[in-house]
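Colleague: I am new to this structure and would be grateful for a guided discussion. May I put some questions about it in turn?

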Amino acid sequence: MDEVRKTVVAGGQQFVDAAGDFIFCSFADRPFRIIIDGQPVTARVGDKLRPEKRFRNFLIENLDDDNPIAVRLVVGEGDYNSQIIQGEVTVNPGVRNSAGQFIPDSRFDVSLMATLTSRAARDYQKGDTVFEFEVEDAGSGGDHSIYGAEMIGPDEILLTVKTQDLEPEWLAFYSRDGVSRGVIDFKRIYSGESGGSGGISDRIVGIEFNTARNTVMLLTRGGEFYEVTRAGTVIEYADLSGVLPDGYAAGAATGLAYSPERNELAIVTPINDSLVIIDRQTMQEKKTFQVAPYNDGDVSTWGGKWFLMGSGSGSDGILDPESGEIEPVSVLPGNTDAGCVWEHEGFAVIAVGLTVKAICIEDTKFYGAGEAHAIECGKGARLMRRPSNPLKAEIYAHLEGGFNVATGEIIRATIEMWTGHPAPDDYLDHVYGIEMPGQTVIAKSGAETFKRAGIEDWFTAKFPGRVTLTIDNQLLK
């Protein structure tokens, strides 16, 4: 006998390669359909199906067009007797998700002070210019160009500016309207004055910003990794030349990215056409992908994946870290000197010479902007505070009695204000409660998710205001 466990997407079918002369359903939280040789039969937990002749395979069909379903079957030959206990007998506490699966209980409450900072809606079409500005040549003379760009917040950009001979000059912080917010002199780092290794004359080939630590991570063409404060003090150094592919040498890397969710660094190098994934804690290689022809530009994070920007080739792609497959995208011009993507607003920042430009990668609509910080946070979740973020949550706000009164996806909006990123599509499968003291906004779903309980995210609330969400740990992964 074989036990078959399947989760079927909403309204979908799934092929099961299992042979036998009976099928017994040991778990399903609602009716579904089994199709054998084209003959459909509706089944539920406790049912035993015995067709007229032996089968080699069959289909499971989800009859629910809105939610996935988890099914557990026993497939075999002969007979099968089982006593079914209706209900759950458990030792460890758990909750139900929309697929009907009983999952470990990781619920906790987080209380946030949330504020709408803008009620203005904005529409962008793919290819639109979001912003553009020129960087003043503030170096020590000679021709300068931007060789690295990184969005470090909704309104701040980090740029690496170099001389024509590729020696590092400074790291510059700018607002998205082109206002300078300070610089870091890298000559001090290379000379060892601020904690660097000293005597190094390599140039920077990759930069990244660590939001959680408010620090800059950078990679030299010689494979040296630095993490520095905004004042330019080195707090961490590592020589990665031995971790990168054999033959790694001057000019061999073109970009650096960091995924805080997986605590991984990604380095693009033309050596073996590689994207090297490095464990941030151990600074050792975890995996290497072959990424030609996307190996001559920068790399950024995008929806849990790696966005590869082809500088000279003009070829851009999105790499899935699980499958290794690359989805080609065609939005950005080639021959850019620097680039990055800013997932939250759906645009890419490119630089040519001393011109910085943001281009929209996908059609995007924002319904205002807001910010939130945690007042109380349980189960060791991250206490984050972000600057004002544009909101993809659908809300409609107006001013009333000194408050911004918003109607719409209040839970999604609060999550985006707090985390600084778009809420995942299945966010309601990780939410169990919302309450705003002194307001009419209150909903609880007990030991099942909002999505499982059919509770919609559509409320009317006043901002600024305190929002208490009951969520699980998976929402912050």
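Modeller: Let us begin with a definition: a salt bridge is a side-chain nitrogen of Lys or Arg within 4 Å of a carboxyl oxygen of Asp or Glu. Please bear in mind that this is a predicted model.

Colleague: What is the N to O distance at which the side chains of R280 and E236 meet in a salt bridge?

Modeller: The cut-off for such a pair is 4 Å. The side chains of R280 and E236 satisfy it, with an N to O distance of 2.8 Å.

Colleague: How many residues apart in sequence are the parts that R280 and E236 tie together?

Modeller: E236 belongs to strand β21 (residues 234-239), while R280 sits in the loop between β24 (274-279) and β25 (285-290). The pair therefore ties together parts whose separation in sequence is 44 residues.

Colleague: Is R280 buried or exposed?

Modeller: Buried means under 20% relative accessible area. Its partner E236, at 23%, counts as partly exposed. R280 has a relative accessibility of 8%, so R280 counts as buried.

Colleague: Which residue forms a salt bridge with R262?

Modeller: R262 is partly exposed, with a relative accessible area of 27%. Its partner counts as buried, at 8% relative accessibility. The closest N and O atoms of the pair are 3.0 Å apart, and the partner is E264.

Colleague: Which strand holds E3, the residue that pairs with R72?

Modeller: The side chains of R72 and E3 meet in a salt bridge at 3.8 Å, N to O. The pair links distant parts of the chain, 69 residues apart, with R72 in strand β8 (residues 69-76). R72 is partly exposed at 24% relative accessibility, and E3 is also partly exposed, at 48%. The strand that holds E3 is β1 (residues 2-8).

Colleague: How many salt bridges does a search of the whole structure find?

Modeller: Some of them share partners, and one network formed in this way joins D29, R30, D64, E448 and R452. For the whole structure, the search gives a total of 18.

Colleague: Where is N97 placed, and which backbone nitrogen does its side chain reach at 2.9 Å?

Modeller: N97 lies in the loop between β9 (94-96) and β10 (102-104), and its relative accessible area of 9% makes it buried. Residues up to four places away in sequence aside, N97 touches I103, D429, T449 and R452. A polar atom of its side chain lies 3.1 Å from the backbone nitrogen of A99. The backbone nitrogen reached at 2.9 Å is that of Q101.

Colleague: Which element gives the most to the largest nonpolar core?

Modeller: This core has 35 residues, and those with the most contacts inside it are I410, I411, I434, F463 and L469. Elements that each supply at least two residues include β11 (107-118), β38 (431-435) and β41 (465-472). I434, for its part, touches I410, I411 and L469, among others. With six residues, the element that gives the most is α2.

Colleague: How many of the residues of α2 are buried?

Modeller: The buried residues of α2 include R412 and E416 as well as I410, I411 and W418. Just after α2, G420 takes a positive phi of about 80 degrees. Helix α2 itself is mostly covered, and the number buried is 10 of its 10 residues.

How values were computed: Residues numbered from 1 in each chain as written. Predicted model: local features only at pLDDT ≥ 70, side-chain atom pairs only at ≥ 80, totals over all residues. Heavy atoms only, no water. Helix = DSSP H or I, 4+ residues; strand = E, 2+ residues; numbered from the N terminus. Buried < 20%, exposed > 50% of the residue type's maximum accessible area, 1.4 Å probe, protein only. Polar contact = N/O pair within 3.5 Å; in protein donor to acceptor, adjacent residues only side chain to side chain. Contact = heavy atoms within 4.5 Å. Core = buried A, V, L, I, M, F, W, Y, C linked by side-chain atoms within 4.5 Å.
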